[in-house]
Amino acid sequence: MYNLKKLQILKRKISNQKRAELGFFPSPIYKLDNLSAKYDVNIYLKRDDLSGFSTFGGNKIRKLEFLFGEILEQGAKNIFTYGATQSNHALQTAIACRRYNLNPILYLVDVIGEGISDPKANILLDQILGAEIEIIDFKEDEDEFAAMYRAKEESKKYAQEISETEADYYLIPPGGASPRGTLGFVNAYLEMKVQEFENDLNFKNIFHATGTGGTLAGLTAANRFMNDGLKVHGINVSHKDDSYLEEVAELSTAALKLLNIEFELTSSDVIIDNNFVGEGYEIPSAEANRAVKIFAENEGIFLDPVYTGKAAAGMINYLEQEKLEKGSDLLFWHTGGTNALFAEKTILGDLLKR
Ligand SMILES: *Cc1c(COP(=O)(O)O)cnc(C)c1O
């Protein structure tokens, strides 16, 4: 049993943090009856895809609530962030800016190399929102990380150019994966614990897609601090080396530190599975597309090929290999991203192929 006192400590410290309101919480949680029967494990779904003021929700909203808490306090007007051209995080940032009358400036790396002459899905929505968009192409010998680094350097110069003082602008890191953004998922973990208690559940495993690590860092921080004994599995969606474990642990520690909690996590506290990345970020995989079809055909739930489909492929693999205890309670965290179903074919792959 987890430590109730520690839960209360976290709750109190989190509620003292500055925070903007960007969505509707708690997000719903319910049982996927058909998939549960199929695999003989009680599979619950946490619908963060339904959070947020716009039609298009997702996990970044939770992080942005805490980031915008700071942005509003600082009085920044020009809000910069970074991602791929189909970035869910960039879209959510632009939406949050419009809600608070701020100026969204998005530096978007053209990972799939198709430009934006025929805008689809998120890059279309970014333009409807009137966000200022800077497209970053790869230079020769550059990969996506190098291009992203260049984007950050360029954006800093531009931020200084258009802003009178330092306080006038705010740079949100890719995915909102700063210690402050990570607080969104420390808080989400507490939200989940209440729902678990109310529904008389006992989650043994959580599965979700991990990209920039903030979601995993937040959930893991709360989980380890409370000594909950539940496994938070981050299914990786992009190639990274082993230092990612360390980075996530550091992010967890730093988020708790913002709450004045000295509690150090190490890489051994973090669970990441690299087996479902496929060929890479935004590159469709047969397993992910199969998972998208399984969720749709069995539960009427839409996942996406870039994040949740890959995470679900991981979870389904564990279920099919019978690696999870029969009859136990499991949570799949739906982090959003379904707009990608309307993105470029390069991202979607051959979803309808059997
Ligand atoms: C960004 C994102 C993730 C990954 O979350 P991180 O906190 O960046 O690891 C997962 N799913 C969707 C749909 C996302 O947009």
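These are my notebook entries on a predicted model of one chain and its ligand.

**Ground rules.** I number residues from 1 along each chain as its sequence is written, and side-chain values use heavy atoms, with hydrogens and water left out. Because the model is predicted, local features need pLDDT of at least 70 and side-chain atom pairs count only at pLDDT 80 or more, while totals for chains, interfaces and linings use all residues.

**Whole chain.** I looked up the helices and strands and got 12 helices and 10 strands. Both are DSSP runs numbered from the N terminus: helices are H or I with at least four residues, strands are E with at least two. The radius of gyration is 19 Å, close to the 20 Å from the globule rule for 354 residues, so the chain is as compact as a globular protein of that length. That radius is taken over C-alpha atoms, and the rule is 2.2 Å times the number of residues to the power 0.38. Along its principal axes, the C-alpha trace spans about 60 × 50 × 35 Å.

**Ligand.** Which residues are closest to the ligand? I found Lys60, Lys63, Thr212, Thr215 and Thr335, out of 15 that surround the ligand (near means a heavy atom within 4 Å). By class, this shell has two nonpolar, 11 polar and two charged residues. Here Ala, Val, Leu, Ile, Met, Phe, Trp, Tyr, Cys and Pro count as nonpolar, Asp, Glu, Lys and Arg as charged, and the others, Gly among them, as polar.

Next I checked polar contacts (pairs of N or O atoms within 3.5 Å). A side-chain N or O atom of Thr212 is 2.5 Å from a ligand oxygen, and one of Thr215 is 2.7 Å from a ligand oxygen. Thr335 has a polar side-chain atom 2.6 Å from a ligand nitrogen. Helix H3 (60-74), strand S7 (203-210) and helix H8 (214-225) are the elements that give two or more residues to the shell.

**Odd backbone spots.** I noted that most residues other than glycine have a negative phi, and most peptide bonds are trans. The bond from Phe25 to Pro26 is cis, with omega near 0°; Pro26 lies in the loop between helix H1 (4-15) and strand S1 (29-31). Asn101 has a positive phi, near 60°, and lies in the loop between helix H4 (88-99) and strand S4 (103-109).

Terms used: A polar contact is a pair of N or O atoms within 3.5 Å; within protein, one must be able to donate a hydrogen and the other to accept it, and residues adjacent in sequence count only if both atoms are side-chain atoms.
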